Amino acid sequence: MRRTTIVICIATAIGLSVCACSQSTQVESTEAHAATEVSANEEEEPFTEIRYRDGKAYLWDSQKGAIFGPCKYIYYFWDCDPGENGIFRYIDDDGLFGYAEIDGTDVQIIMPGTFSEAGPLSNYTLVKEGDYYYYIDQEGNRLTSGKYIQAYSFQETQGQYARVQKEDGMWCVIDQEENIIFDGYEYINKLPDITCIGTGIRDGKAALFRLGDEWTEEEREIVLDDFTQISDPFDEMAYVWTEDEKVGIVCWDDMIVEAEYTDVAYEMYLDKEDIKGYVFRCQKEDGYDVVFWEFNSGTVWKN
């Protein structure tokens, strides 16, 4: 009886052990299969990025490797969304700008390195080739024939106008058909992106001009003989400076702040969350004046 009991116990123990091992193997197999499925499901989507190797730039596909390059620099992320078809700028080994287009993993050069300066490719893109600036379209066709020694983007006025400097050194404003709108300026400040007032220096004096066709000839351009400098416009106003560097604020030909201060700072003021006008903090030799200008009435208060 004793021996039989021992054998049964041993057999039972062996059976339990085998069962446990079998269950363990099944669990491990199931877990491994599940892990494989998770790994397959979480496989990373293909992507494109810029990589640098040995001081060179490449457009790199996660599956195919280098699909463009080597070159000095790639503007891919600035000119189109990563992974999307689009046009991007690059700087070739000679230091010149070119344009290429990515379609999936295929890259085609649109324009080889040609330009010493170039913006993102769009309608009326500003480029520089040799000594001169001009504008091109999305296919690289030249849109302007003038020889400009300096120029700025049409994007300053949301595509309507651009300021350029001609070979004789004078600045002018052109439209997209290259018609000259204003001419004869020693310099033209940044053109406004919202308002219609532009500023510059004409015959050594501060000048203002209005863009668009809503005004008569007399209302389109004025020269302020008392001032030798003028700022970029803001809300149809501008800082002006006298020859002895006293500063004031003009709104077209109206003096909002008289030019008798060493410095003027401004901010909008609100009334029940409504913008009512500006308040100007005007510094003089012995303290400050404060000037209020209300939009609707045009009233100016000074204290």
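**Notebook: Asp61, two cores, Ser145**

Leaving aside neighbours within four places in sequence, I find Asp61 in contact (heavy atoms within 4.5 Å) with Phe47, Thr48, Ile67 and Thr105. I am working on a predicted model, where local features need pLDDT of at least 70 and side-chain atom pairs count only at pLDDT 80 or more, while totals for chains, interfaces and linings use all residues. Residues are numbered from 1 along each chain as its sequence is written, and side-chain values use heavy atoms, with hydrogens and water left out.

I place Asp61 in strand β2 (residues 56-61), strands being DSSP runs of E with at least two residues, numbered from the N terminus. Asp61 is buried (under 20% relative accessible area, 1.4 Å probe, protein chains only) yet has no salt bridge, that is, no side-chain nitrogen of Lys or Arg within 4 Å of a carboxyl oxygen of Asp or Glu. I note Lys64 as the nearest side chain of opposite charge, 6.5 Å away, whereas the Asp61 side chain reaches the backbone nitrogen of Gln63 at 3.0 Å.

Next I looked up the largest nonpolar core (buried Ala, Val, Leu, Ile, Met, Phe, Trp, Tyr and Cys residues joined through side-chain atoms within 4.5 Å), which has 15 residues, and Met237, Ile249, Val257, Val264 and Phe280 touch the most other members. The elements giving two or more residues to this core are β20, β21, β22, β24 and β25. I also noted a second, separate core of 14 residues, including Ile201, Ile222, Leu224 and Ala238.

Last, I found Ser145 in the loop between β10 (132-136) and β11 (148-151). Ser145 counts as exposed because its relative accessibility is 62%, the cut-off being over 50%.

Key
Helices (H or I, at least four residues) and strands (E, at least two) are DSSP runs, numbered from the N terminus. Lys and Arg count as positive and Asp and Glu as negative; His and the chain ends are not counted. A polar contact is a pair of N or O atoms within 3.5 Å; within protein, one must be able to donate a hydrogen and the other to accept it, and residues adjacent in sequence count only if both atoms are side-chain atoms.
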